[in-house]
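Biologist: Please take a close look at a single part of this model, namely one pair of helices and the empty space that adjoins it. I should like one connected account, with the residues named.

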Amino acid sequence: MAQLETQGSVRKMLGELADAAATVDYKLPLGEQRIALNDAIGKQIRLQALGQINCVHCGRKTKKSFNQGYCYPCVTKLAQCDSCIMSPEKCHYHLGTCRDPAWGEQFCMTDHIVYLANSSGLKVGITRATQIPTRWIDQGASQALPILRVATRQQSGLVEDLIRQHVADKTNWRALLRGEPEQLDLIAERERLLGLVGEGIEALQAQFGLQAIQPINDIAPLQIRYPVEHYVAKPQSANLDKEPLLEGTLLGIKGQYLLLDTAVINIRKYTAYQLAFSVS
């Protein structure tokens, strides 16, 4: 018999680590509820799109979700939806053209971390200092190491741009969901990559100041474990826009993905969708 169905607007899954040795504990925000997902692993789950999407910012009903949960008018107006969010090196705050300078002060003019992660292989990324380890969990990284502390989002994007000439900056979602990646020596990779971009980093320090870009050498790599009983040899992605009902046995959770025996689904992709969820 199915448990009581929960309905509401979905947000990205919340993943937490109780300590460095723990497995990530996941909850699914659905309306006002926080559904404990780890307990559902090994059980039949049912996920259904109810045909309504409400913008996460203004609440407006929208036929299509943009930038993971926004309506089109908000995408064209909000600072958090500007093109420089995906390409931080293109930040135009200093030109006085930021869509919302107060938002920029809070989220962009603050310490950022340049990091290495091992999700589907080695990659470089950036995140606000306050988003560690959340950012790594959201990406499904099995290992992660902060390598540089940078004064602003734009400057961290410029540093990332140097490093991604030598290493990927994207995750292969199919490889991510096929199994655990081969363990890497992230300390050695840090030394290798910083050696390759040393002159570029020095040029940025000369431009923005020595203190703007500082190495992080006193933190060990973090190992992250995910609640997965079985991986999927050939993961197939569910599409709730085409097939609004998804049912199957929950095999595990990794990053923002639910792994079912029938399909895998990126919950974050459906932010702001009205969904119904139940567990048998």
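**A helix pair and the adjoining spaces**

Modeller: Helices α5 and α8 lie roughly antiparallel to each other, because their crossing angle counts as such. The model is a predicted one. The axes of α5 and α8, the latter spanning residues 198-208, approach to within 10 Å and cross at roughly 160°. Since angles over 145 degrees count as roughly antiparallel, the description of the pair follows from that value. The handedness of the crossing between α5 and α8 is right-handed.

The contact itself can be described residue by residue. On the α5 side, Q154, Q155, L158, V159 and L162 take part, and they meet G200, I201, L204 and F208 of α8. By class, the residues of this contact comprise six nonpolar and three polar, with no charged residue.

One of these contact residues, Q154, also belongs to the lining of a cavity. The structure contains two cavities of 30 Å³ or more, and the second largest has a volume of about 30 Å³. Its lining is made of C84, I85, P88, C91, C108, R153 and Q154. Both α2 and α5 contribute at least two residues each to that lining. Five of the lining residues are nonpolar, one is polar and one is charged.

The largest cavity, at about 90 Å³, has 13 lining residues, and those nearest its centre are A79, C84, C91, C98 and C108. C84, C91 and C108 therefore appear in the linings of both cavities, because each of them has an atom within 4 Å of a point of either one. Helices α2 and α3 each give at least two residues to the lining of the largest cavity. The composition there is nine nonpolar, two polar and two charged residues.

The largest pocket encloses about 1900 Å³ of space. It is lined by 40 residues, and Q68, I85, M86, R135 and R268 are the closest to its centre. Two or more lining residues come from each of α2 (83-86), α3 (101-107), β7 (122-128), α4 (134-139), α5 (153-163) and α6 (173-178). Helix α5 thus contributes to this pocket as well as to the second largest cavity. I85 is likewise shared, being among the residues closest to the centre of the pocket and also part of the lining of the second largest cavity. The largest contribution to the pocket lining is made by β7, with six residues. In contrast to the helix contact, which has no charged residue, the pocket lining includes 13 charged residues, alongside 14 nonpolar and 13 polar ones.

Two points of backbone geometry complete the account. After β7, in the loop that leads to α4, lies P133. The peptide bond from I132 to P133 is cis, and its omega is near 5°. N67 belongs to the loop between β5 (44-53) and α1 (72-77). Although N67 is not a glycine, its phi is positive, at about 50°.

Notes:
Residues numbered from 1 in each chain as written. Predicted model: local features only at pLDDT ≥ 70, side-chain atom pairs only at ≥ 80, totals over all residues. Heavy atoms only, no water. 1 Å grid on protein atoms, 1.4 Å probe; cavity = no way out; pocket = protein on both sides within 12 Å on 5 of 7 lines; lining within 4 Å. Points joined across faces, edges and corners; volume = space filled by probe spheres on them. Helix = DSSP H or I, 4+ residues; strand = E, 2+ residues; numbered from the N terminus. Nonpolar A, V, L, I, M, F, W, Y, C, P; charged D, E, K, R; others polar. Axes fitted to C-alpha atoms, helices over the stretch in contact; angles between N-to-C directions. Parallel < 35°, antiparallel > 145°, perpendicular 65-115°, else oblique. Left-handed = near helix turned anticlockwise from the far one by under 90°. Contact = heavy atoms within 4.5 Å.
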